[in-house]
Amino acid sequence: MNTENRYGYKVCYRRQGRNRLKVYLITNTYDGAVWRVRWYETHSPPARRTGKPIENAAWQIIPITTLAEYRLRWRGCPF
């Protein structure tokens, strides 16, 4: 995979038996995304709304490809 991306990466998950991908985290670097996916595979992070651990999930790294998506994703970022 090409690790040169101007807009960043989405760390998404799909629960077992579901079709929908949910975005869990946005990061600037591919290395940061890979590190987080490795961590989430061994330590179940809590879901945003319920607070329950996310278990039986397949984690994926997806690049942000367009400027419009970049602006939409980073709009609510606190830093």
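What radius of gyration would a compact globule of 79 residues have, and what does the protein chain have? A globule of that kind would come in near 12 Å, and the chain in this predicted model has 13 Å, so the two agree. The C-alpha trace fits the picture with a span of about 30 × 25 × 25 Å along its principal axes.

As for what fills that space, the chain has two helices and three strands, and reading from the N terminus they come in the order β-β-α-β-α. Plenty of the contacts reach across the sequence: of those with a separation of 6 or more, 54% pair up residues 24 or more positions apart.

On to the inside. Buried residues account for 30% of the 79 in the chain. The largest nonpolar core has 13 residues, and the ones touching the most other members are Val11, Tyr24, Tyr40, Ile54, Trp59 and Ile61. Two or more core residues come from each of strand 1 (9-15), strand 2 (22-27), helix 1 (30-42) and strand 3 (57-63), with helix 1 chipping in the most, at four. Nonpolar side chains do tend to be buried together in soluble globular proteins.

Val11 is a handy place to look around from. Leaving aside residues up to four places away in sequence, Val11 touches Lys22, Val23, Tyr24, Leu25, Ala33, Val37, Tyr40, Trp59 and Gln60.

Then there is the outside. The chain exposes about 6100 Å², of which carbon and sulfur atoms supply 47%. Charge-wise, there are 15 positive and 5 negative charges, and their mean positions sit 11 Å apart.

Key
Residues are numbered from 1 along each chain as its sequence is written. This is a predicted model: local features need pLDDT of at least 70, side-chain atom pairs count only at pLDDT 80 or more; totals for chains, interfaces and linings use all residues. Side-chain values use heavy atoms; hydrogens and water are left out. The radius of gyration is taken over C-alpha atoms; the globule rule is 2.2 Å times the number of residues to the power 0.38. Buried means under 20% relative accessible area, exposed over 50%, partly exposed in between (1.4 Å probe, protein chains only). Contact means heavy atoms within 4.5 Å. Accessible areas come from the Shrake-Rupley method with a 1.4 Å probe; for residues, only the protein chains shown count as cover. Lys and Arg count as positive and Asp and Glu as negative; His and the chain ends are not counted. The place of a charge is taken as NZ of Lys, CZ of Arg, CG of Asp or CD of Glu. A nonpolar core is a set of buried Ala, Val, Leu, Ile, Met, Phe, Trp, Tyr and Cys residues joined through side-chain atoms within 4.5 Å.
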